[in-house]
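Work through the two exercises below with the structure at hand. Each task is followed by a stepwise solution.

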Amino acid sequence: MDELLGRAVETGGWAEVAGSPLLDQLDPDDVVAAVLRSGVRWADLPVEVAAILGVRHQLGDLGEGERALVRQVAGARFVGTYPRRSPQQEWHLRWSRQRRDPLHIVLGRYDDMFRLIALVPADGRTMLAGNGFESREVWLRDPVDGGEYTVRHSAKVVGLAAVPWSDGRTLLATAGGKTIRFWDPSTGDPVGAPRKLPAAATAMTAVRLPDDRTVLAVSSDDVVRMMEPETGAPYGSPIHRHSKIHALGAIELDGQALLVVAESYSGVNLFDPVTGHAVQAPFDLPYGASVATVPGPDGRGALATGNSEVILLLDTKTGEHLGSLTGHGNSVRAVAAVPMPGGRTLLASASFDDTLRLWDPSGPLSSETSHSWPMTNPWATNVASARLGNRPHLASVSGDERAVRFWDLDTSLPVGTPLPGGYGRMFLGPPVPLPDGRTLVTTSDDDRVITFRDPETAQVVSSTPPGHGSDVALAPVPLPDGRTLLASGAYEPFLWDSIEGTARRLPMNRGSIAAMVAVPVPGGTVLAAARAESYRQFDIIRWDLGTGELITHQLIKQPLSSLNRVRALAALPASDGRTLLAYGDDNGVLGLADPLTGAPECPSFTDGASAVVALAAVPLPTGRYLLACASETRMIRLWDETGTLVAKLSGHRGRVRALAVLPDGKLVSAGDDATVRVWDPVAAAQVGPSLPTGPAKVLALAAVDGARIATGDENGALRLWDLAQATAIGAPMLGHSGQICALITVEEEGHPRLVSGDGHGSIMVWDPDTGVSRQLTGHADPVFDEMAAVTMPDGSTAVAAAGRGIGLWDPLTGRLIGTPFPGQRPIVALPGADGLPLVASRNGRGDVVLHDPITGDQVGRPMRGHGGAITAVAAIVAPNGRALLVTGGDDGTVRLWDPVRGIAIGEPLAGHKRSVWHLVVIPIPGSVLLASATLQGDAIKFWDVATGACRTTLPLDSPIHSMAVCADRLAVGCDNGILMLERVTHRE
């Protein structure tokens, strides 16, 4: 085998290597070393050999058949063609639709790599040197043979440089503290005495002068000084800048060596190292000094620089984008030109994904200029099986398209019309067969809506109500006809008819909503919403309350520089008959504004340095109103409409959390001292004794009527209180799974109703007289792949979906079946011992539990056996008809369970390095295979359930989002795209 690679290096006979039956027996490190020594252009390599370069780091422990499968996936990703199938393969790549990345070699993994250079020692080898952000150690590595060692500076290293020495050697220079040290890169031994610096260094680089001499440029704070490395003598004049210099680099443009200086405030600038004068770049330089000049496509000079996860190659004369190098999974921090045997120059890069990679910048490049977050780029794909025209197909969805696409299993060609998506990201659920023979496609989106569609007609059959996924803000919205609607907001606003339980999303840009209030204005109502993440601004929105159509939408930016995030809003009736919008922020600043224009009504006023928590309009006997303000102190302050402080109410011994107003004008407050207090705003005094609310903090408060108030606490309990008796009424009303953060009173058909919202996004409506409640939201969390098809006793199919609890949905009506029951993702349906359906899910302790999805009752005892939480679950029907449960855990193992007895079967299936996130069952004649994968995509493993043996391992560099069985094939959706794997039934 050594002769085979030796001939290829000498003669360029790489086709012989590619066609050899011994190819998958070769050491992948030897193949890469031979390619690098030969100086061959990577684009000229056969796909079989090129693929080994791209996955060399994954092949070490794999068998021949597994290596062949990995090469097929790599060939499709890097070259666009598949290497031929090997007789040893049990699985092969039927087709793929992947993002094409330029071919590159992963040389290794290094934590927190921040600097990188290349240098050629006296022995002729090429060495790479690099170090971490806060490290004193510098590692040196031979990219050809992999040899590596470290040197250690006396202080944190802030710069690296390759320096030619008078004896012909090239030394490594390291800068740290107030010294520069030199090292022989062949041995790692120090050379000479350290050079002293006048101040601590912040960066260093080497610059080659027109006379072929090399000087060191070293920065200290805002000054760059240059020096002769061997003598330490200064060179030229210092370059003074206006802000701290955090990085230095050197590039060559039009044959001229230039110094690159990256500053904190002035960006990136170029300087002539001889004169010290600034040089105007022919194009805009990206932020940062990590740049290198390399030969680009067609021999043109190229400037390489990192832009997020992408390395850009720019024409050194025009700045034209020549192409990009994609493949890193995090921001690129350093690049370096690497001279190689044969006179070729490669490019090395280091990234926050902790990998060191080697590229051929002259080869095929990508056209990408930036890399999107995985869940929003077109290759971040979820997959599921589907049926069109009574034939199996593959369904896929990618985050940015917001559409479901269908693919032919044999040809990989798109089929039919894409199904349009909903709001934001989309996720695929299980296919749902109907009694009439149709099979529906299930999706969920960022509206927290599950939608069931007919793939043949693209029609929506049904959908569930929308819901919120975080702290809810609530506001009653009175209508001219006397009805009261309910406005709610978390990441987007909804308008509810609480009697009918229907809702529609109101058109507004998404953003966390901290507070909402309805303000009556001439001819209608304005709804104001304060965004939790916005500074000095809030939204004023006018809708047609009948149609939900947007009339106007203004983003109000207050001019007061001290105004911070608005946290509380209220409607304050003014003496001139108008109603003003009152607001308070994180800094304790309060203001009054016209609700139509946002114009301030008076100068802003302050409640102190503490954040405003709650506001309320308090009526006086004179017909005027005061603004009550509770901040993160023990004090409540009352203000009039001119911003004048009228009174202070003191008595609470802890932070005041909530305010409410009784029909008779009295003010009610609740605080961290576990009391509720009633106040007379005219006398500025407490009325009657305090109501002790117990150990839990009250976070929300509402007046039910003149005699009762309601409180919502941090444990999710809703309580009623008798004001006259200062006692609790009845038992706490339970139903929320998180703290109650919002509570208001609305009227339904002449009766008061309490509406409460919790930190998990659910909204509940309560009858305070009976304690009966109903939930308005259809779901409390985004539904990702947390859905499972459940075969019901009558043969129909329902869909179980997990959010904050698990609900069962009828796909024909979109309605909830039965009562939601406790549980978290992952979930799976399986038949019970009596043939009735069960749903397996994870409980709060990370164990697997079984529930009857119709009654919500738990069945049997929790199953516990992993070394951490359960992260994946699947159901297997063995050849003998016995139903088994399969789980994957945080400990990287897979386990089989007897769901009837609740005990584990056999030993754990070990081999994954990270949490097992995906499990799918692949039925084959007479047996069952199981495929498991991690979310991070370290590998897909195929297990023989009967023997527990791992039959095939497929390592992947890409995060895996989903897997689905389509007929006899396995579809994999990952960041890079779709892989369709097929089991080999007849060996060639």
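**Exercise 1: a buried arginine**

Arg115 is buried (under 20% relative accessible area, 1.4 Å probe, protein chains only) yet forms no salt bridge (a side-chain nitrogen of Lys or Arg within 4 Å of a carboxyl oxygen of Asp or Glu); Glu134, the nearest side chain of opposite charge, is 7.7 Å away. The model is predicted: local features need pLDDT of at least 70, side-chain atom pairs count only at pLDDT 80 or more, and totals for chains, interfaces and linings use all residues. Residues are numbered from 1 along each chain as its sequence is written, and side-chain values use heavy atoms, without hydrogens and water.

Task: find which backbone oxygens lie by a polar atom of the side chain of Arg115.

Solution.
1. Locate the residue: Arg115 is in strand E3, residues 113–119 (strands are DSSP runs of E, at least two residues, and helices runs of H or I, at least four, numbered from the N terminus).
2. The backbone oxygen of Val158 is 3.0 Å from a polar atom of this side chain.
3. The backbone oxygen of Gly132 is 3.3 Å from such an atom.

**Exercise 2: a helix pair**

Task: determine how the axes of H4 and H5 cross.

Solution.
1. The axes (lines fitted to C-alpha atoms over the stretch in contact, with angles from 0 to 180 degrees between N-to-C directions) of H4 (residues 47–55) and H5 (residues 64–78) come within 8 Å and cross at roughly 95°.
2. H4 and H5 are therefore roughly perpendicular (65 to 115 degrees) to each other.
3. The contact (heavy atoms within 4.5 Å) involves residues including Ala51 and Val55 of H4 and Ala74 and Phe78 of H5.

Note on methods:
Buried < 20%, exposed > 50% of the residue type's maximum accessible area, 1.4 Å probe, protein only. Lys, Arg positive; Asp, Glu negative; His and termini not counted. Polar contact = N/O pair within 3.5 Å; in protein donor to acceptor, adjacent residues only side chain to side chain. Parallel < 35°, antiparallel > 145°, perpendicular 65-115°, else oblique.
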